[in-house]
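User: I would like to learn how to read a structure like this one. Could you take me through its features step by step?

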Amino acid sequence: MNVGIDSISLCVPESYYSLADLAEKHGIDPNKYLYGIGQEKMAVPSPDEDIVTLAAGAAKPIVTDEVRDSISTVILATESGVDQSKSAGLFVHGLLGLKPNCRVVEFKQACYGATAALQMATDMVRQRPEQKILIIASDIARYEQDSQGECTQGAGALAMVVSANPRILNLHRARGMHSFDVMDFWRPNNHKAAQVDGQLSIEVYLESMRQAWNEYKADGGHELAELPWLCFHQPFTKMAKKAFTALTESEPEQGQALTGESYEHSLLYGRQIGNTYTASLYIGLLSLLENNPQDLTDQNIGLFSYGSGSVGEFFSASVVPGYREHLRTEEHQQMLADRQALSHEKYSAWFYQSLADHKNQVMPKLSNRPYRLEKVEEFRRVYGVNDARANEIKQAS
Ligand code: CAA
């Protein structure tokens, strides 16, 4: 029985900050960010958006009436959770009107969480094929302002439904994991921004990939020459290029046959969004499926997931005939094209001053996405369905 991704959907904030503008603020050559790092824009959430509103916004289009009743489990993967105790998925469960007979849980292991969710969901569906599992990866990547990491910030969510006989991607059984305890990137409980040893994080990412690749092959995985398409976790798109080089160098004979074409379409969305931690690999996968002009039917894709701290996993999948009919390409491309640019002042205020930390706060009505954070009452977050028309009227007046 084939098991894998049956539907997939993206949600990003409506605003972005240009990395050329950030370079100007930092007084450096914009080409460092545009080409050296490989990023053009960072998605910036408004004060009434967070990982819950982005997650629910991503899941809404694929949780159709038909799918809703088959969802047995919701796994929300994030490393920018809104509560130390309650799973962010429960807010999403409520906003989407999912049935009570459903388990809801939050997964955390840096950027790797959604891959753990995907593999566990796949095994659960193999056990009980009648169920569908909703996985949502949602994150806001935030570093200290004016730090080296600032240029890699971003925000977004990606939702996928895992089922038997999926319409988009069949996941293969072979998997290769590599875990070890290292402090390359972390966020202490009392910090809003991630702490990072940037150069170390790049080294351990690449070492984790080499080890996970060897484990994947030992588990009966494909040879590199049988994986014409590749997607790597992309904290910034240059990192994927580094990963491609390291992988092909580790397999000199087979690697020669692969060119940059095998991964370059997977970078197009990430370049416009920035790091989305747990969602980043899967936004790369979506970008490959939606932007590659070739018909990928029955072709294999190799995927590498990395979460600092660290866990890496190499796995693979093949594309299901008719996959294009089940993608939401136009909707996603329109969503990215319709965003508005922010000034440095507004970006700084929105990214670094969270109103939602206050004990009581009514959030300004800014987002037009399907759901918004309405207020915080005695530290309780209150979400609601957005009345986008009210925003339009307010903006026009
Ligand atoms: N024109 C073109 N390129 C230029 C340039 C210019 N004017 N100036 C510099 N560059 C190039 C450099 O040559 C370099 O290229 P290579 O990497 O190919 O050598 C690139 O721009 C970056 O320059 P630096 O190495 O000097 O950049 P930096 O030290 O200021 O910061 C960083 C880079 C360490 C990645 C930093 O942005 C950072 O800490 N980011 C956050 C951590 C991160 O994303 N780590 C990735 C692995 S961990 C992970 O994947 C988990 C996760 O999601 C966080």
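Analyst: What follows goes from the ligand and its surroundings to a pair of rings and then to the backbone, and please keep in mind that this is a predicted model.

User: Which residues come nearest to the ligand?

Analyst: A residue belongs to the surroundings of a molecule if one of its heavy atoms lies within 4 Å of it. Here 25 residues are around the ligand, and those that come nearest are Lys 32, Ser 201, His 233, Lys 238 and Lys 242. By class, this shell has ten nonpolar, eleven polar and four charged residues.

User: Which helices each supply at least two residues of that shell?

Analyst: Helix 2 (30–37), helix 7 (198–218) and helix 8 (237–250) each do so, and the largest share, five residues, comes from helix 7.

User: Which polar side chains should I look at beside the ligand, and how much of the ligand does the protein bury?

Analyst: A polar contact is read as a pair of N or O atoms within 3.5 Å. A nitrogen atom of the ligand is 2.8 Å from an N or O atom in the side chain of Ser 201, and for Asp 29 the distance from a side-chain N or O atom to a ligand nitrogen is 2.9 Å. In Gln 199, a polar side-chain atom lies 3.4 Å from an oxygen atom of the ligand. Taken alone, the ligand exposes 1,100 Å², of which the protein buries 74%. The place where the ligand sits is the second largest pocket.

User: How many aromatic pairs does a search of the whole structure find, and what describes such a pair?

Analyst: The distance of the centres and the angle of the planes describe a pair of aromatic rings. The search finds 15 aromatic pairs in the whole structure. In one of them, Tyr 205 and Phe 304 have ring centres 5.4 Å apart and planes at 75°, so the pair is edge-to-face. This pair links distant parts of the chain, since Tyr 205 is in helix 7 and Phe 304 is in strand 12 (residues 300–307), 99 residues apart.

User: Where is there a cis peptide bond, and which residue has a positive phi although it is not a glycine?

Analyst: The cis peptide bond joins Gly 309 and Ser 310, with omega about -5°, and Ser 310 lies in the loop between strand 12 and strand 13 (311–319). The residue with the positive phi, about 45°, is Asn 165, which lies in the loop between strand 7 (154–164) and strand 8 (169–179).

Conventions
Residues are numbered from 1 along each chain as its sequence is written. This is a predicted model: local features need pLDDT of at least 70, side-chain atom pairs count only at pLDDT 80 or more; totals for chains, interfaces and linings use all residues. Side-chain values use heavy atoms; hydrogens and water are left out. A polar contact is a pair of N or O atoms within 3.5 Å; within protein, one must be able to donate a hydrogen and the other to accept it, and residues adjacent in sequence count only if both atoms are side-chain atoms. Accessible areas come from the Shrake-Rupley method with a 1.4 Å probe; for residues, only the protein chains shown count as cover. On a 1 Å grid over the protein atoms alone, a cavity is a set of points where a 1.4 Å probe fits but cannot get out, and a pocket is an open set with protein on both sides within 12 Å along at least five of seven lines; lining residues have an atom within 4 Å of a point. A molecule sits in a cavity or pocket if more than half of its atoms lie within 2 Å of its grid points. Helices (H or I, at least four residues) and strands (E, at least two) are DSSP runs, numbered from the N terminus. Ala, Val, Leu, Ile, Met, Phe, Trp, Tyr, Cys and Pro count as nonpolar, Asp, Glu, Lys and Arg as charged, and the others, Gly among them, as polar. Rings of Phe, Tyr and Trp (its six-membered ring) pair if their centres lie within 6.5 Å; planes under 30 degrees apart count as stacked, over 60 as edge-to-face and the rest as tilted.
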